[in-house]
Structures are given as structure tokens and as C-alpha cells.
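Proteins can hold empty space as well as atoms. Let's take a tour of the gaps in this one, starting with the pockets and then moving on to the cavities.

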Amino acid sequence: MARALRLYAGPAARRHIERNGLGASDIGVIPGAAGGPKGLILGPLDRFIFGEWLPASTQPVHLVGASIGAWRMATACLSQAGLAFERLERDYIAQSYEVEPGRTRPTAAHVSERFGMNLADFYSGRVGELLAHPRFRLHIVTARGRHVLGREHKLRTPLGYLAAFVSNSVHRRAMGAWIERVVFSAAGPGGRPAPLPFDSSDYRTRQVPLTAANFAPALQASCSIPFVLQALHDIPGAPPGAYWDGGITDYHLHLNYAARAEQGLVLYPHFQKAVVPGWLDKALRWRHRATHFLDSTLVLAPDPQWVASLPNGKLPDRSDFERYGTDLAGRMKAWKTAVSASRQLADEFAQWLQRPEAGRLEAL
């Protein structure tokens, strides 16, 4: 059987692993990238890491997530995380939205309403539990609009995102004139928001306490893709304005973890090698290279040849909603097949942990 998992390490992570191997106690940060249905193939890895491996350690671990990554990291903070991840997988695969006659896709209002209801049901009665996790410090990344993007509007919003696109093409930091990073952080010891596990001077950033009052809108905002879902406005405890998908500012959370190297290694279950900074950087290939930000990072990603063996020769993604249209059963079958195959990723990671010298660490 062809291998499924590849391991990519920054130089500091590589040195540590070559000398000491990798133990659960070495991990200080786990990011969860935006990427919609692509995140489904990380389910078995999540169940192994949070349900079996990390419980063998005792240190605090920062969980940083955007979009589906935020949903995954919040789920990791629930008791019996393995079962919670199984439900996340089932609920995500089964989601479906009504399309009005004469339209080719559901309205953003309909998707937002249904998605919000699903999140409320998923975490019903358990928000206090996840916020009070004794070890995990949850950080939910959102994108807050500024100036013309301060409120969602059918004309101003497209113009604002066009301005953000042009600014980002010139310099990533320049996009901060239109969209800022807002991180909702659960409390650490003492009741104050846990410190960010990365240096935030790379981009305009605010940190806000994550509470029972703002958990649901913050998480939904982090998953709210512009024009696909509606923005969330005026989240309690946060600056007023419109909040969208955290992947806009931090698509794959290419953050300066190396500046906080004292907190431990960064373990990054990801769906590809490249850690792309922002959603608008997808077409800017020169921004896909690793930087010193990731020196202490170990990325776990599927082998591209293994990905080619999945249904349709790719990871599940949002294009499948149009590919399968009203064929819900067909899409669910394809996604379930991909998720079932991805158990090989978790199995290979567990085997590598036992004998890291037998596996190959590649440069990130």
C-alpha cells in the first residue's frame, strides 16, 4: 500500500525530532486551517491526536483555528473529543441547503441561518465546558471589516473586497487598511484571555476575550465565507462592525509561532504542504513558501499521490456542492469514502511516533 502521510518540518522542529523524537509533551500549539470540506480528511488525525495521544501529557496547548479549523479546535476542547469529532464529521458531510426556484445556489441568508442553527445544536449546553478546558487555550480567528467593509452591503462589500484584493497584491500588510485580524481567545489562568501563541506584529491584529456570550457568533463569523454566508455584526465584547471568515486574513494560519518558541513545538495537521498566509494569497504562489515563522512547526499532510486515489482524484472541497448539485447521496458517498481512506493518515502518524527514525522528515 502506498504511503498516505508526509511530514514536513521547520529547521528547529527537525533538530528537536532528530535528537529526541516527538512526544506529546513537546507540543505547545496546534493550528487548524480554513479550507472548508478539505478539513474532513483530518478527522481521523484529530481523533488520534486529541483522543489518544495528547491526553498522555499535561502541559497547556494553544489551539488556533480559522473557519472549519476553528470548528475543529473548539471540538477538541470538548470532553470525549473522539466522539465529538465523529459527530462533527457526520454533521458536516450531511449538511444540505435548499435552492430557491430559478437560482443555482442557496442564498447567503439561508446558508447562514441553517449553519448557525447547526452550530447552536452541536455545542448546545457545552460552551462552558469547552471554555473551561483545563489544558487547551482556544483562539478563534475572524476577519473584521474596516471603513467601507464596516457593514455588509450589496454594493459596498464587493467594492471593499476589490480594494482589499488590490492592496494585498501590493503588500499583505496593506490589506489591514480594509480587513483586520480579530482573535477571540479563551481565558487562561487568572481569568484573562490567554496570550496569543504567536507574534502578531506581522498584520493588524486585535485580541478579544472569548466568552459564553460571544462564542457562537465568533465561531460562526470565523466560518462565514463572504458572499456564501452573511457577515456577523457587532459581536458582544468585540469592536463593532462586520465579521467574516478568519481564512480571509489567515487562510492557513502562517503565523509567527517561532517568536514564541519557548511554548513548545507546533504540530500542524494540514491538508497540503504549503501554509498559505491569506485567502487572497491563493493565486500568489511566491507567498506559499515557508518562512522563519514556521521554524518550530511540524506539518502532517497527505501525499499528493494518495490524494489522487480519492474520489474525483482530489480532496473534498466546496466545488463538490456544484459538482453533485441535488445529488446529496452522491456527494455524501464521495466524502465518506475520502474520510474512510484518511484513517491511513492517523495510522501512519501513530506508527511514526513509535519509530521516528524509520520515517522521512522533509524540509518545510
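## Pockets and cavities

Lining the largest pocket are 48 residues, and those nearest its centre are Ile225, Val228, Leu229, Arg318 and Phe321. Keep in mind as you look around that this is a predicted model.

How big is the volume of the largest pocket? It comes to about 1,300 Å³. Five helices each give two or more residues to the lining of this pocket: H3, H5 (108-122), H7 (156-170), H10 (319-324) and H11. Of these, H10 hands over the largest share, with 4 residues. Sort the lining of the largest pocket by class and you get 26 nonpolar, 11 polar and 11 charged residues.

Next up is the second largest pocket, which holds about 270 Å³ of space. Its lining includes three histidines, His171, His254 and His292. Arginines turn up there too, namely Arg172, Arg173, Arg287 and Arg289. Asp202, Pro277, Trp286, Thr291 and Phe293 complete the lining. By class, the second largest pocket is lined by 3 nonpolar, 4 polar and 5 charged residues.

Now for the cavities. How many of 30 Å³ or more does a search of the whole structure find? The answer is 2.

The largest cavity has about 70 Å³ of space. Three helices give two or more residues to its lining: H2 (43-53), H3 (68-76) and H4 (81-94). Among the residues around the largest cavity are Gly39, Leu40, Asp46, Arg47, Ile68, Arg72, Phe85 and Glu89. Helix H3 may ring a bell, as it also gives two or more residues to the lining of the largest pocket.

The second largest cavity contains about 40 Å³ of space. Pro311, Asn312, Lys314, Leu315, Pro316, Asp320, Ala334, Trp335 and Ala338 line this one. Which helix gives the most to that lining? It is H11 (residues 328-341), with 3 residues.

Here is how the two cavities look side by side:

| Cavity | Space | Nonpolar | Polar | Charged |
|---|---|---|---|---|
| Largest cavity | about 70 Å³ | 5 residues | 2 residues | 4 residues |
| Second largest cavity | about 40 Å³ | 6 residues | 1 residue | 2 residues |

How does anyone spot gaps like these? Rolling a probe the size of a water molecule over the atoms shows where empty space is left.

Note on methods. Residues numbered from 1 in each chain as written. Predicted model: local features only at pLDDT ≥ 70, side-chain atom pairs only at ≥ 80, totals over all residues. Heavy atoms only, no water. 1 Å grid on protein atoms, 1.4 Å probe; cavity = no way out; pocket = protein on both sides within 12 Å on 5 of 7 lines; lining within 4 Å. Points joined across faces, edges and corners; volume = space filled by probe spheres on them. Nonpolar A, V, L, I, M, F, W, Y, C, P; charged D, E, K, R; others polar.
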